[in-house]
Amino acid sequence: MDILPEFLEDFTNNEYWEQFFLKLDKNKKVNFEWYGDYNLIKSKLLESLKYSHNSNKSINILHIGCGNSNIPLELYNIGYHNIVNIDFSQNVIEKMKKLCKEYYKMKWICLDVENDLEDFANKEENKGIYDIIIDKGFLDAFLSTNILQGTYKKRGTEYFKICSKLLNNNGKYILITLCQEYISNVIIRSFYKEKVYLNIYPLFNVEDSKFLPYYIEINKIENSKNNIVMCFLNDDSSYIKSSNFNIWVLPKHIKEISALFWSKKHIKDYKPGQMIVYYLNENEKSKDNDFYKIVIYDNELEKIEYQLTAALIVPFGEELDWLYNTKKGYQELAEQVKTKRLIIISNHISNKIISNLEITNKISSYLSPLALESSGKFPILSIGDNGHIKRKCIAYIESDYCKEIQIYEILSKKRNYRQMIFTSNPRLIQSEVTILNSNNGNIEFNYLSKLSDYYIGVILASSLSLININRYKTRTPEIIILGLGGGILASVFGQLYTIDQLNITAIEIDPNVVDAAINYFGLFRNRINIIIEDAFKYIEDISKMKPNSTDIIVIDINSNNIGDPLMCPAKHFIEPYFIELMKLSITEAGCIIYNISCRDKERKYQIYQEIISNVNKNIINNFNMENKYIDSSYKLNNINEDNEYFIQVIPTTEDDVNEIWVIQKKSIFESLEKKHEYIDNFIKDNNLTNSEERNKWVNKWK
């Protein structure tokens, strides 16, 4: 039966709803329940009613957008008689009146919420009399037509103001919703200053639904001293842990939970080329915790002789190797193992080296639900053992900005090195440096050994810019690095360039990060100018006080929002205002270098379009010729003639997640000839990488 609307506008069209309920009658459907029936919400709803301010069954209930739901009938049958049901379909109201003749205390009113609810709320007999307002799917439909126009926020806040008039001082608004982002935004906008708190229950038991509905209880508090509106996330299932959080991060939590619901619901389906990443924290409250990254990868080649599922434990210390950290690597492994689905497990944080057998015993129970249907018992494979590697956390440093800074030391036959990790985002290694054997117990660091492609890319892009910068300047060029971490990038520049060749300034907001860089990563303060300040404010200040004075700005500040696919940079460093500040700060031949790490290709392309539009006053779409984000029908121009600036995109991993974006004037970029020859010589002169890798980098500039 085709009853759903063809257009969003139909959700607020009276004629559509009249026809909707007529179709239900013709098909002899007694009722239609949005987002599940009464049984799905029964326990939560009865709990809300029981613990309302007026806890006896004489409480007043208003049911908005009632349709022909059987919820009011179910409540009436257990003693809740003071129920007013409103809907703007005259057909459904008349039908429910006839159907509910025996429920004589219950009222049915035909009312258009948009035009008539405020008048209804202003009547003396209705002001503040309701203990409970029930809304099951109404708000989702009511606001959906205004999404594209952007007026849904105003419409939503006005609606909630009216509802607040109807509720008594300790009343509750019960919202059953899919809680799409526009709903979350309206909830924030409507209540962030109000005296309320939210109880949120994901309805994981919903049947035959691709989407996860939520039961949200918005509680008014008459006497509250708390200025922060809190959300309390509750769950009786094994999906998530109960928690509480500030209302401002509601959309982030909803996105994470909904994504988890969807992936678990479809996790046993085989989809060639599919890659899903989970993170498992064994005991997040303990310092002796084990943090695992679990990647589910479905082989692109579906062969009958392949086994259904296999798991592989990544050798300790090789977590960042392309074989264990890229989609191409996963595909190669899946073919070697001859399996349709490969589950890759890597241990990212641990205070001790755990043997493969210990890892298997710890997490095997978590792996079974991730296998393909009918896999049965599947092999958990390992490459060697981790016994020859020694790893320990040598420092825990509290931080006001990233929860805790952890410094790890890893000693193996191949290489000894240190890592810096922030527990606010433990999936990312902030810094890594090779440790050299030293005399007298003094630690020495080799900053140029095993450099990541990110460091190499920034160094090469900067070295090319410095050629042009030196043509135009008589003084020593200056580079500013926003975000210090372990200071590896700053130290590399310090090793490659003398103080007469390059002034290096690093901006870091967290003094504890600076101390960690000096004490555990060998950062030399006498070579690098370190300023402890908010990077945003610093650029804002120099754009006003020292405009056109900086030659290179590197933005390497991670986002702590783990729900956002954009992991680096933090969101406010790509906003138009900040980009304009950087343009004002750099010299004529200068450049801006972004470290970009984003797991969503569409989101990354959208950010690219926004930046290229903001850096050029005229909004013109262009892209590097090696575009990987949009379909082939899009007409590409490497450097659009109408643009003053352009972005050079330099991939730094094979999985399309990590890239460097170099922003500079196209005239400056074009003025330098034979860039690839310079890159080739620079790599050889400084021994940055091997010959095979050198050719890869040279080809990026051909």
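**Rings and a sheet: a short tour**

Hi everyone, let's start with two residues: Tyr608 and Trp661 are both buried. Before I go on, please keep in mind that what we are looking at is a predicted model.

What kind of aromatic pair do Tyr608 and Trp661 form? The pair is edge-to-face, with 5.6 Å from centre to centre and 90 degrees between the planes. Now find them along the chain. Tyr608 is part of helix 18, residues 601–615, while Trp661 belongs to strand 27, residues 658–665, so this pair ties together parts that lie 53 residues apart in sequence.

If those two numbers seemed odd, here is the idea: a pair of aromatic rings is described by how far apart the centres are and by the angle of the planes.

How many aromatic pairs does the count come to? The answer is 23 aromatic pairs. Let me show you another one, Phe138 with Tyr159, which is tilted: the centres are 5.7 Å apart and the planes make an angle of 45 degrees. This pair also links distant parts of the chain, with Phe138 in helix 6 (residues 138–144) and Tyr159 in helix 7 (residues 152–166), 21 residues apart.

Are these two rings buried or exposed? Buried means under 20% relative accessible area. Phe138 has 15%, so Phe138 counts as buried. Tyr159 has 3%, so Tyr159 is buried too.

Phe138 and Tyr159 also belong to a cluster linked by ring pairs, together with Phe142, Phe160, Tyr173 and Phe191. Have a look at Phe142 in particular: the charged end of Arg155 sits over its ring, 4.0 Å from the centre. You can find another charge over a ring at Phe669, where the charged end of Lys675 sits 4.3 Å from the ring centre.

Now let's leave the rings and turn to a sheet. This one is open and has five strands in the order 15-16-17-18-19, with antiparallel pairing. Which strands stand at the edges? They are strand 15 (390–398) and strand 19 (444–446); each has a single partner strand, so one side of each is left without a neighbour in the sheet. On average, neighbouring strands here are turned by 30 degrees against each other, ignoring direction.

Let's zoom in on one edge. Strand 19 pairs with strand 18, residues 429–436, in the antiparallel sense over three bridges. In strand 19, Phe445 is the bridge partner of Ile435.

That's my tour, and thanks for listening!

Conventions
Residues numbered from 1 in each chain as written. Predicted model: local features only at pLDDT ≥ 70, side-chain atom pairs only at ≥ 80, totals over all residues. Heavy atoms only, no water. Pairing = 2+ DSSP bridges. Helix = DSSP H or I, 4+ residues; strand = E, 2+ residues; numbered from the N terminus. Axes fitted to C-alpha atoms, helices over the stretch in contact; angles between N-to-C directions. Phe/Tyr/Trp six-rings, centres within 6.5 Å; stacked < 30°, edge-to-face > 60°. Buried < 20%, exposed > 50% of the residue type's maximum accessible area, 1.4 Å probe, protein only. Lys NZ or Arg CZ within 6 Å of the ring centre and 35° of its normal.
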